[in-house]
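Thanks for asking me to look this one over. Here are my notes, written for someone opening the structure for the first time.

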Amino acid sequence: MIKENFIKLYEESFKDNWELPALSDYSKGTHFSFEDVAKEIARIHIIFEECQVRRGDKIALIGKDSARWCIAYMATITYGAIIVPTLQDFSPNDVHHIINHSESTFLFVSDRIWDSLEEEKIEDVRGVFSLTDFRCLHQRDGENIQKIMRALEEKMNTKYPHGFRKEDIQYADLDNDKVVLLNYTSGTTGFSKGVMLTGNNLAGNVTYAKTLGLMYRGDKELCFLPLAHAYSCAFNFLVPMAVGAHVYMLGKVPSPKILLKAFEEIKPNLIITVPLILEKIYKKMILPQLNKRTMKLALNIPLLDTRIYAQIRKHLVDAMGGRFCEVIVGGAAMNQEVTDFLYKIKFPFTIGYGMTECGPLVSYDNHKDFVPGSCGQILKGIMEVRIDSDDPYHKVGEIQVRGENVMKGYYKNEEATKGAFTEDGWLHTGDLGTIDKDNRIFIRGRSKTMILGASGQNIYPEEIESKINNLPFIMESLVIEKNGKLIGLVYPDYDTVDSTGVSYEDLPVIMEENRQELNKLLAPYEHISSLQLYPTEFEKTPKKSIKRYLYSNH
């Protein structure tokens, strides 16, 4: 068990860093110091007390990354309730389902998303609060939340007659083995798995990160990855808040142009990213230079190439603010060409490995120790790794892990929880790979069917296929990834085609209409770029599931 209590980490940090800046909305110019954050939390705690929120009650959170998103999260866990952060990309139906499945009693939501939800589909939610200003957007019949909100300042003054001071910070006494977070890996009914993470799982991630010497009190960080993701949440939010660093929320789509401008202004001390961002910067900034004829000639001259690479590295480091100690890449596999080039020019980057079920970190190397092709060493003293193979150093097998960061299980899903672990208690990662003598992990492929989106989102083809199969004139389907795009292979329902007198020549037009209808039901990162007709039924296993591996290189 991790010695440091997860909730007390923040009680101490808010007291120690009281006067320092904590959270900023970069695009809006709003700022909160640790004192401001602590006061907002105190207000929300009064609302929770007045509404008789109990320890262990679930509180859902959905909206664009913002300072108030972070405050709502922090207020929930420090009260002793369980936070249920949900990706804002999920469709309204998925959001309804997650709120109901998690049994959330309150909801913090952005105004835009609230407009797309239907109150009658989330009947158990007692109150809804806006992430714009924490006003009450909705209260269930019989609740008096609006009244509580009107008297809030008066209650603050009564409870803290001398004003709210750092001595007043006192958060829930909650053992580290209690669940503090439910993280849903996907939205759709039947596939939803709410990962139960305990204080210990998150403290394992935060206390390990604190030992790395990457982020210090007063440092700056720029958050441009969705905080509802375990990876971004841990390292763009939970770690900085625990060490007294200042997080800027980008609040915009992270295009290279917008990002580079923000890097230049903020000059972050650490950069947490997904491969796509670095790949885009490489494509836009570096490739055009490398492809110039004079540059190609110069790179063939010994000694000159070293100087040119050093110049490119300096240019890239300066473009990203010039102050960062390293760039940590995670969430998806990185393009080999980009990895090799950045390593060649000695750019300070490293690639880590994790999964939501580990909150998320499994392995990491400092950029000085990074070995291309690997994704770091298993976290010493916190996690263990083994390869399901008779020769783990040379023969590929499933990567299995256990340790402090491993989840308690899936919420209200014993079957899935049982399936996630081996008989002797190791977590199946579903990834295939090898290790070296230093327990450094080398991933060689995925045994699961999950596809990783460009920004690290989990895409579950079976979910999309179940929606495709409900569309007109489709018998069965298979979703594959090709050149970074999702394609649906479909075998038409020829009986219906024949009986309705539809001409075979019309099928491509019908499929395009189907595709447009389908994409309305999907999150943007799940969008299908084309529905392609497949001439025969797909080959099946004896269990009647499609032999996916036969079609992955279609």
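The points below go through the sheet, the helices, the salt bridges and a few backbone details.

1. Before anything else, keep in mind that this is a predicted model. Please read every value in this note in that light.

2. I'd start with the open sheet of 3 strands, which run in the order β25-β26-β27 with mixed pairing. The edge positions belong to β25 (474–482) and β27 (528–533), each with a single partner strand, so one side of each has no neighbour in the sheet. From one strand to the next, the twist averages 25°. Zooming in on one pair, β25 and β26 (residues 485–492) are antiparallel and share 8 bridges. Within that pairing, Lys482 sits opposite Lys485 of β26.

3. Which strands does helix α16 lie across? Helix α16 (residues 461–468) crosses β25, β26 and β27, and its direction is at about 145° to β25. Helix α18 (residues 507–520) also packs on this sheet, touching β25, β26 and β27, and makes about 150° with the direction of β27.

4. Two loops around β25 deserve a click. Phe473, in the loop between α16 and β25, has a positive phi near 65° even though it isn't a glycine. Its relative accessibility is 18%, so Phe473 counts as buried. Asn483, in the loop between β25 and β26, is another non-glycine residue with a positive phi, about 50°. Asn483, though, is exposed, at 76% relative accessible area.

5. Now for α4 (92–101). How many of the 10 residues of α4 are buried? The count is 7, so this helix is largely enclosed by the rest of the structure. The buried ones are Asp94, Val95, His96, His97, Ile98, Ile99 and His101. Their cover includes β3 (58–62), β4 (82–86), β5 and β8 (179–184). Right after the helix comes Glu103, with a positive phi near 60°.

6. Staying with β5, this strand runs parallel to β6, and 4 bridges join the two. Phe106 stands opposite Gly127 of β6. In a regular strand, side chains alternate between the two faces of the sheet. You can follow that along β6 (residues 127–130): Gly127 and Phe129 point one way, Val128 and Ser130 point the other way, and all of them are buried.

7. For a helix pair, try α10 (residues 256–266) and α11 (residues 275–290), which pack at an angle of about 95° with axes 10 Å apart. That makes them roughly perpendicular to each other. From α10, Pro256, Leu259 and Leu260 meet Ile277, Lys280, Ile281, Lys284 and Met285 of α11. The contact is made up of 6 nonpolar residues, 2 charged ones and no polar ones.

8. The salt bridges come to 31. One of them pairs Lys8 with Glu11, at 3.0 Å from N to O. Both residues sit in helix α1 (residues 6–16), 3 residues apart, or about one turn of the helix. An α-helix has 3.6 residues a turn, so residues three or four places apart point the same way. At 11% relative accessibility, Glu11 counts as buried.

9. Another salt bridge reaches further along the chain: Arg43 meets Glu153, with the closest N and O atoms 2.9 Å apart. Arg43 is in helix α2 (residues 34–50) and Glu153 in helix α7 (residues 152–159), so the pair ties together parts that lie 110 residues apart in sequence. Both partners are partly exposed, Arg43 at 22% and Glu153 at 41%.

10. Glu103 turns up again here, in a salt bridge with Lys412 at 3.7 Å from N to O. The two are 309 residues apart, with Glu103 in the loop between α4 and β5 (104–109) and Lys412 in the loop between β20 (409–410) and α15 (414–420). Glu103 counts as partly exposed, at 42% relative accessibility. There is also a network in which shared partners join Lys8, Glu11, Lys15 and Asp173 through salt bridges.

11. Last, a peptide bond to check by eye. The bond from Gly359 to Pro360 is cis, with omega near 0°. You'll find Pro360 in the loop between β15 (353–354) and β16 (361–364).

Notes. Residues are numbered from 1 along each chain as its sequence is written. This is a predicted model: local features need pLDDT of at least 70, side-chain atom pairs count only at pLDDT 80 or more; totals for chains, interfaces and linings use all residues. Side-chain values use heavy atoms; hydrogens and water are left out. Axes are lines fitted to C-alpha atoms, for helices over the stretch in contact, and angles run from 0 to 180 degrees between N-to-C directions. Angles under 35 degrees count as roughly parallel, over 145 as roughly antiparallel, 65 to 115 as roughly perpendicular and the rest as oblique. Contact means heavy atoms within 4.5 Å. Ala, Val, Leu, Ile, Met, Phe, Trp, Tyr, Cys and Pro count as nonpolar, Asp, Glu, Lys and Arg as charged, and the others, Gly among them, as polar. A salt bridge is a side-chain nitrogen of Lys or Arg within 4 Å of a carboxyl oxygen of Asp or Glu. Buried means under 20% relative accessible area, exposed over 50%, partly exposed in between (1.4 Å probe, protein chains only). Two strands pair if DSSP finds at least two bridges between them.
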